[in-house]
2 protein chains.
Amino acid sequence: MIKKKAVVLLSGGLDSTTLLAYAIDKGFDCHTISFSYGQRHEVELACAKNVASLYDVTEHKVIEIDLRAFGGSALTSEMKVPKDRSVLEMDKEIPITYVPARNTIFLSFALAYAEVIKACDIFIGVNAVDYSGYPDCRPEYISAYETMANLATKSGVEGERRLNINTPLLSLKKSEIIQMGLDIGVDYSKTFTCYDPNVAGISCGTCDSCLLRKKGFLELHMKDPIQYQK
Amino acid sequence: MIKKKAVVLLSGGLDSTTLLAYAIDKGFDCHTISFSYGQRHEVELACAKNVASLYDVTEHKVIEIDLRAFGGSALTSEMKVPKDRSVLEMDKEIPITYVPARNTIFLSFALAYAEVIKACDIFIGVNAVDYSGYPDCRPEYISAYETMANLATKSGVEGERRLNINTPLLSLKKSEIIQMGLDIGVDYSKTFTCYDPNVAGISCGTCDSCLLRKKGFLELHMKDPIQYQK
């Protein structure tokens, strides 16, 4: 049987690794895509490559884009990454780690890739629960993107294929994502989450991303297999 | 009076130069953006820079993206650019010069730029008449993009600003675009249109893009001020 092709956005983090495992588990022929976008945490690119290779994906592409050309985010500029915030604080406003239009740009490259390989499915690990207030993680955004994508491409014109933006993690809490991954054998020691690791690539343990990850494992009464500075 | 900021997609071609002149004429504070995307016709980048400078825009950004990573188009791969086709032939199907998801990718960068500088207006020179069958030049696509863009960004969440995708050339014939430009003083000798220029940067005169341009001037009973190989 010929497997259905999918493009999976892979950062090598906890969410996108679970996402890839899920797509593989559902029987998709996965093509992964990562972005080198001037992020502080470039160690995630090595992690993504490693995860892609662990899952033996058909092709792994790394796209170079320079989001630093615009600035506007703590992840791509000299602004400080916020530390030790409560979940309540994280929910209050859009944080400075938000990268303007990042998911829109990422999905647009995934769309180009999907069109070239004739894939009908794109997987993105957005999450509307522990989403730290990013606008481009909301379900209504994803739905609008899907509508646009079907008008943007040849398939839309020729009516051959319908393109789906799959977001299986959208309504899951971090602990539920981890449970889902564990159920299909994800090894979380191979994933990387931190916004602000030290030079050795060790996670800080205090940025929003680390705190949400730790909270997820805590809720499952499990030890997170990765190392933290604190 | 403080001018409204706009991001204008500028390739240095006939359409986008007219577009910039239009936005300037309407009183916008223009920030232009061009893309180096592995296109055959890199001479257009020099042209875009020159046009941006002629119009004294506030800022001109060139974004490097590698669409060759995906291939799939005659503009970014080794496929041959079609020549000497009739307008009827051009309309028949989506040509191989179509770059998968190109406008979606371009608009996504424009969206990031607009968000960072807090602009509410993006101008793109798409055209649904002489559009050579590109799906991402259709009005329904632009409208879907605008809806998505307003959900993708901080402004959408905070309800502060509404983002507009402006397409003043959408329903104009090539000759009408040229007339519009002439009325506001565009110097078309400074614009560049060809998909497949020679090493000296001289337009081929026979690709779809050159043929549509020539036809536009012909309909106005005017001489196109640029030079052609034939």
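**Exercise 1. The sheet of chain B**

Work out the order in which the strands of the open sheet of chain B stand, and which strands lie at its edges.

*Solution.* Begin with the order: in this predicted model, chain B holds an open sheet of 5 strands, arranged as β3-β2-β1-β4-β5 with parallel pairing. As background, strands of a sheet pair through backbone hydrogen bonds, either parallel or antiparallel. Next, look at the ends of that order, where β3 (59-64) and β5 (164-166) of chain B are the edge strands, each pairing on one side only. Then consider the twist: neighbouring strands of this sheet are turned by 25° against each other on average, with direction ignored.

A closer look at one pair makes the pattern concrete. Strand β4 (residues 121-123) of chain B is joined to β5(B) by 3 bridges, and the two strands run parallel. Within this pair, Ile122(B) has Ile165(B) of β5(B) as its bridge partner. Finally, add the helix that covers part of the sheet: helix α2 (residues 43-54) of chain B packs on it and touches β2 (29-36) and β3 of chain B, while the direction of α2 makes about 170° with that of β2(B).

**Exercise 2. The sheet of chain A**

Find out why one side of β3 and of β5 in chain A is left without a neighbour in the sheet.

*Solution.* First write down the strand order, which in the open sheet of 5 strands of chain A is β3-β2-β1-β4-β5, with parallel pairing. Because β3 and β5 (164-166) of chain A stand at the edges and each has a single partner strand, one side of each lacks a neighbour in the sheet. From one strand to the next, the twist averages 25°.

Now turn to a pair inside the order: strand β1 (residues 5-9) and strand β4 (residues 121-123) of chain A pair in the parallel sense over 3 bridges. In this pairing, Ala6(A) stands opposite Asp121(A) in β4(A). Helix α2 (residues 43-54) of chain A packs on the sheet, where it touches β2 (29-36) and β3 of chain A, and its direction makes about 170° with that of β2(A).

**Exercise 3. Two helices of chain B against α7**

For α7(B), decide how it is oriented towards α8(B) and how it is oriented towards α1(B).

*Solution.* Two packed helices are described by the angle between their axes and the distance between the axes. Take helix α7 (residues 174-183) and helix α8 (residues 208-219) of chain B, which pack at an angle of about 65° with their axes 8 Å apart. That angle makes α7(B) roughly perpendicular to α8(B), and their crossing is right-handed. The contact involves Lys174(B), Ser175(B), Ile177(B) and Ile178(B) of α7(B), together with residues of α8(B) including Leu212(B), Arg213(B) and Phe217(B). Sorted by class, this contact has 4 nonpolar, 2 polar and 4 charged residues.

Continue with helix α1 (residues 14-25) of chain B, which packs with α7(B) at an angle of about 40°, the axes being 9 Å apart. The two helices are therefore oblique to each other, and the crossing of α1(B) and α7(B) is left-handed. Here Leu14(B), Asp15(B), Thr18(B), Ala21(B) and Tyr22(B) in α1(B) meet Ile177(B), Met180(B) and Gly181(B) in α7(B). The residues of this contact divide into 5 nonpolar, 2 polar and 1 charged.

**Exercise 4. How the two chains meet**

Determine which relation links chain A to chain B, and through which surface the copies meet.

*Solution.* Two copies of a chain are related by a rotation about an axis and a shift along it. In this case, a turn of 180° and a shift of 0.0 Å along the axis lay chain A on chain B with an RMSD of 0.0 Å. That is the relation of a two-fold axis.

Next comes the interface, in which 37 residues of chain A are in contact with 37 residues of chain B. Four elements of chain A, namely β3 (59-64), α4 (102-117), α5 (139-152) and α6 (154-158), each supply at least two residues of the side that touches chain B. Of that side, α4(A) gives the most, with 9 residues. By class, the side of chain A that touches chain B has 22 nonpolar, 7 polar and 8 charged residues. Since 100% of the interface residues of chain A are also interface residues in chain B, the copies meet through the same surface.

One helix pair across the interface completes the picture. The axes of α5(A) and helix α5 (residues 139-152) of chain B come within 8 Å and cross at roughly 160°. These helices are therefore roughly antiparallel to each other, and α5(A) passes α5(B) in a left-handed crossing.

Technical notes: Residues are numbered from 1 along each chain as its sequence is written. Chains are lettered from A and ligands numbered from 1 in the order in which they are written. This is a predicted model: local features need pLDDT of at least 70, side-chain atom pairs count only at pLDDT 80 or more; totals for chains, interfaces and linings use all residues. Copies are superposed by least squares on the C-alpha atoms of residues with pLDDT of at least 70 in both. Two residues are in contact if their C-beta atoms, placed from the backbone, lie within 7 Å. Ala, Val, Leu, Ile, Met, Phe, Trp, Tyr, Cys and Pro count as nonpolar, Asp, Glu, Lys and Arg as charged, and the others, Gly among them, as polar. Two strands pair if DSSP finds at least two bridges between them. Axes are lines fitted to C-alpha atoms, for helices over the stretch in contact, and angles run from 0 to 180 degrees between N-to-C directions. Angles under 35 degrees count as roughly parallel, over 145 as roughly antiparallel, 65 to 115 as roughly perpendicular and the rest as oblique. A crossing is left-handed if the near helix is turned anticlockwise from the far one by less than a right angle, and right-handed if clockwise.
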